[in-house]
Amino acid sequence: MSKIHVSTSINGDAVEYLCEPEETLLDVLRNRVGLTGAKEGCGSGDCGACSVALDGRLVCSCLVLAAEAEGKTVSTVEGIAEGENLHVLQQKLLDHAALQCGICTPGILIASKALLEKNPDPTETEVRYWLAGNLCRCTGYDKIIRAVMDAAAEMRGA
Amino acid sequence: MRFESPDTIEQAIGLLNTCEGTSRVLAGGTDVLVQLRLALVEPELIVDIKHIAGMRDITAEDGGFRIGAAVSGAEMGEHADLVALWPGVVEAMELIGSTQVQGRATLAGNLCNASPAADSVPAMVAANAVATIVGPNGTRECPVADIPVSPSKTSLTKGEVITSIYLPARPDNSGDAYLRFIPRTEMDIAVSSAGVSLTINCDGVVTQARVSLGAVAPTVLVVEDASSAIIGTKLEDAAIATLQAACSAACNPIDDKRGTVEFRTKTAGVMAKRAALIAYSRAGGSK
């Protein structure tokens, strides 16, 4: 079976790749494009470690076939910082010590960014429900929630 | 495996109808990709229907809404007029999975996955939703209630694709609601669930009602005894108690890790009671 040719845009850069029909977007990002920020936790859409934005919509990249990205825009954690300058969310996660092993962090960042673009002033409950699909086994979540609330406040003030 | 993303429904049906092995229609993919990953299915052909006109559209039609088969839960939740007309259907859809899953999961996919615990299905059944199905022999319409026939099996035949789901117009003073029992607050599969849609008159008396249950039988249940228990009432305590008892009596659940027969039978009645009260309030009734 011949491979599928896909033209897409990843973090603002035009990217082309060849993929197998059964390969997921997560597989291609990590193994063919070299963007290893998105992580594979469960591979079944339960943990959120592979979160990316696809045409601006938050999705699990393990539940998207790589061939589906044809003509779409993909945003991953690698595109969040501007050069050497961390995104406010990244800085706040560091400030609040909201990560330990770091496996969930790229997904938390992408998901939180999607939330704050849709709702710049979320309640704590809204943050907790929005991030319910991003599992973290280290932090107990409180620090993550505080970091996102703090980032939201700073972004509103900026 | 072959991946195709045709631009027309005719092409999609031709591909599915001529495929000799297993095939899968891909809309949101939140069930199909899990099946692939677990090797529960090894399809010869995947047909992505998202490039076909209308599949991603929510369209106002005759006072109701037609939901394309590839419209995501997130898109439904962002459609204010749809939420206003059928809040119970939208809240049921939005209970499925995480924010990430909501970005992709679809009503039609939830229906075709044919899980007894599918959250959107009891709500659609209470709403008298109708699926439009296109296949090798043309187009047909089928009540959503008649699509699931047993766990993981639907009444669709080879080459048939659900292209949209129609949520009908409804009279003034109508409301619907969906509730499920899960042991935590998010990200779980229903242990039992209930959908209620009803209409009241200017005196607050229920004139029409439809009650459905999920996760308590091999397929979604429509409980006629429960709807007749509240028609002609203002949901007085006795009427609600009759509805609750009728729902529990209709249950035919299994024991599994999520709940026992006894627990499911009891909670299904409680879910139906609470959903009926929410639907009544949404219809403008006060108690």
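This dialogue covers the sheet in chain B and the overall form of chain A.

Reader: What kind of model is this, and how are residues numbered?
Author: This is a predicted model; local features need pLDDT of at least 70, side-chain atom pairs count only at pLDDT 80 or more, and totals for chains, interfaces and linings use all residues. Residues are numbered from 1 along each chain as its sequence is written, while chains are lettered from A and ligands numbered from 1 in the order in which they are written.

Reader: What is the strand order of the sheet in chain B?
Author: Strands of a sheet pair through backbone hydrogen bonds, either parallel or antiparallel. Here pairing needs at least two DSSP bridges between two strands. Strands are DSSP runs (E, at least two residues), as are helices (H or I, at least four), numbered from the N terminus. The order is β1-β3-β2 in chain B, an open sheet of three strands with parallel pairing. Its edge strands are β1 (2-4) and β2 (23-26) of chain B, each pairing on one side only.

Reader: How many bridges join β1(B) and β3 of chain B?
Author: Three, in the parallel sense; β3 of chain B spans residues 45-48. Within this sheet, B:Phe3 stands opposite B:Ile46 in β3(B).

Reader: Which pattern does chain A follow along the sequence?
Author: Chain A reads β-β-α-β-β-β-α-α-α-α. That is five helices and five strands.

Reader: How much of chain A is buried?
Author: Count C-beta atoms, placed from the backbone, within 10 Å of a residue's own: 20 or more others is buried, 12 or fewer exposed, in between partly exposed. Buried residues make up 45% of the 158 in chain A. The C-alpha atoms of chain A fill a box of roughly 50 × 30 × 25 Å along the principal axes.
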